[in-house]
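Biologist: I should like a close look at the salt bridges of this model. Please explain which side chains take part and where they lie.

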Amino acid sequence: MNSLLERITSKDQPMKTLLEAMSRGRPVEEARGRPRHLVDKATWLWLTHALGKGEGDLLSLWSDGADVHMALYDRASGRIGVVSYACEEGRFPSVAHLHAPALRFERAIADLYGLEPHGCPDSRRWLDHGRWGLRRPASAAPQPLQSESDPYEFLPVQGEGLHQIPVGPVHAGIIEPGHFRFTANGETVARLEERLGYVHKGFDALFTGASLERAAKLAGRVSGDSTVAYALAFAQACETALGIEPPPRAVYLRALMAELERLANHFGDIGAVCNDAAFALMHAHTGVFRERILRASHACFGHRLMMDRIVPGGVAADLAGGGRDAVRDILIAAKKLVPNLIALYGDTTALQDRTVASGRVQAELVAQYAAGGFVGRASGRAFDARRTPGYAPYGELSFTLGGSTEGDVDARVWVRFDEVRSSLDLVEQILERLPAGELRRETPTPGGRREGLALVEGFRGDILAWVRIGAEGAIERCHLRDPSWLQWPLLEAAIEGNIVADFPLCNKSFNCSYSGHDL
């Protein structure tokens, strides 16, 4: 493999950009909106090498059991493409051996489908904890579990004075399960190793064969705090596959739901970060306002989280009679509250002592992992799927992206404040411009296999959805990628050099999703 890699990266290779390399493959006719090409081993390795050199971003890596698929963002053109590699011998060339962000994706593919990432630097299982009763359950030929004993080898401790501290997977309160293995010297963290997968639900299998209606409900339950964003991503992917556009009123109502969800989560996160720094006053203020947003959401759409309100073809609920007034009350109250919260946060020295310079993530690492949302923007990566590649109605609305280059807990809080202000402005614009008209268009029976892909901005960052719809309209395959896949590894880097007691603060400043990751 190394000799082939050397040959394809030599000067006589004419490929210059990721998009050009992707287009060298055989185009897949059923792919709509975003091109997908079936590539050979040489092109797959060329793209792997380009990712390793930082010439593009890996958006996701997944499988359908026969092929592996890789969604890539070409920075030069600002376009997204998908390439596929046929695993004819049950294996594919590892991307992770040159591009570390692919590592957990490859381990998950091996667990679910039994496809071997040849050359992968880590062959340990990731989602499979030996509790399924089967190995590679999503493959055509699952294997029975041979033994109830399923040991997992964490990285060894090496060095004088080092010791390990295991935390989880069960934690205090009601947070989801995840295991964190700290290697520390006294109180200082030398290394953190995560183990996730405890809330794996088998979404790949649940989507397969589901109707569009059933699949839309499943999408909204991948990560409950992002139910609107997931439903929107899934709906857009289906609409791209089927070649339909939702009505203008539905497009604006979707954006209103998305911004209300973003506001509720950011207010909750700001308060939770402050609470982990023992500043309960901010937590109380933001908690009360988050509750007001949830109640306004219920007044607008009949559900506090607006679950199942976005469907392929449009929306399932119109803005209720008192909803507009409830949202306007939120806007009026926020104009008074937000400046006070900003002043309270910035002027509290004891709070700043805990957040400034804690949990710093370097810009180079954020760029390598293509981390989105406030994690990326706090370390200089100004990427927002509402703007790039963009989707309606955000091209008709004005909003400012917050950002920082500090990359610490403090920066991630300030970026959240920036997002709050932008979302409040967006909500006001949406209410002013909300068009009249129908709410939903019928989804046609495709009559042939169709594929679609969408990238949507949730409150954590960009959510990717890829669907393959069969001729009769049922879902053949669906892949959903949470922003946390590309953010969880950065938490391991963020805590290095900090004290163990600051981990809850760093962890909350990321607020990655367990459920969205574990699938």
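Modeller: What follows describes the salt bridges of this structure, which is a predicted model.

Side chains of opposite charge can pair when their charged atoms come close. The test applied here requires a side-chain nitrogen of Lys or Arg within 4 Å of a carboxyl oxygen of Asp or Glu. By this rule the model holds 36 salt bridges. Three of them may be considered in turn.

The salt bridge between the side chains of D225 and R460 has an N to O distance of 2.7 Å. D225 belongs to the loop between α6 (212-219) and α7 (227-242), while R460 belongs to the loop between β15 (450-457) and β16 (462-469), so this pair ties together parts that are 235 residues apart in sequence. The two partners may also be described by their accessibility. D225 has a relative accessible area of 27% and is partly exposed. R460 is buried, because its relative accessibility is 4% and the cut-off for a buried residue is under 20%.

The loop that holds R460 leads on to β16, and this strand has a neighbour of its own. β16 pairs with β17 in the antiparallel sense, over six bridges. One of the partnerships joins A465 to L480 in β17. The two strands form a hairpin with five residues between them, and G473 in the turn has a positive phi of about 100 degrees. Strand β17, residues 475-481, is mostly covered, since five of its seven residues are buried.

The second salt bridge joins the side chains of D384 and R377, with an N to O distance of 3.7 Å. D384 is buried, at 2% relative accessibility. R377 is likewise buried, with a relative accessibility of 2%. Both residues also belong to a network of salt bridges that links E259, R262, R377, D384, R386, E419 and E457.

The third salt bridge is found within a helix. The side chains of D418 and R421 meet at 2.6 Å, N to O. Both residues lie in helix α15 (residues 409-433), where they are three residues apart, about one turn of the helix. R421 counts as partly exposed, because its relative accessibility is 41% and that value falls between the limits of 20% for buried and 50% for exposed.

In summary, these examples include a pair that links two loops, a pair that takes part in a network and a pair within helix α15.

Conventions
Residues are numbered from 1 along each chain as its sequence is written. This is a predicted model: local features need pLDDT of at least 70, side-chain atom pairs count only at pLDDT 80 or more; totals for chains, interfaces and linings use all residues. Side-chain values use heavy atoms; hydrogens and water are left out. Helices (H or I, at least four residues) and strands (E, at least two) are DSSP runs, numbered from the N terminus. Buried means under 20% relative accessible area, exposed over 50%, partly exposed in between (1.4 Å probe, protein chains only). Two strands pair if DSSP finds at least two bridges between them.
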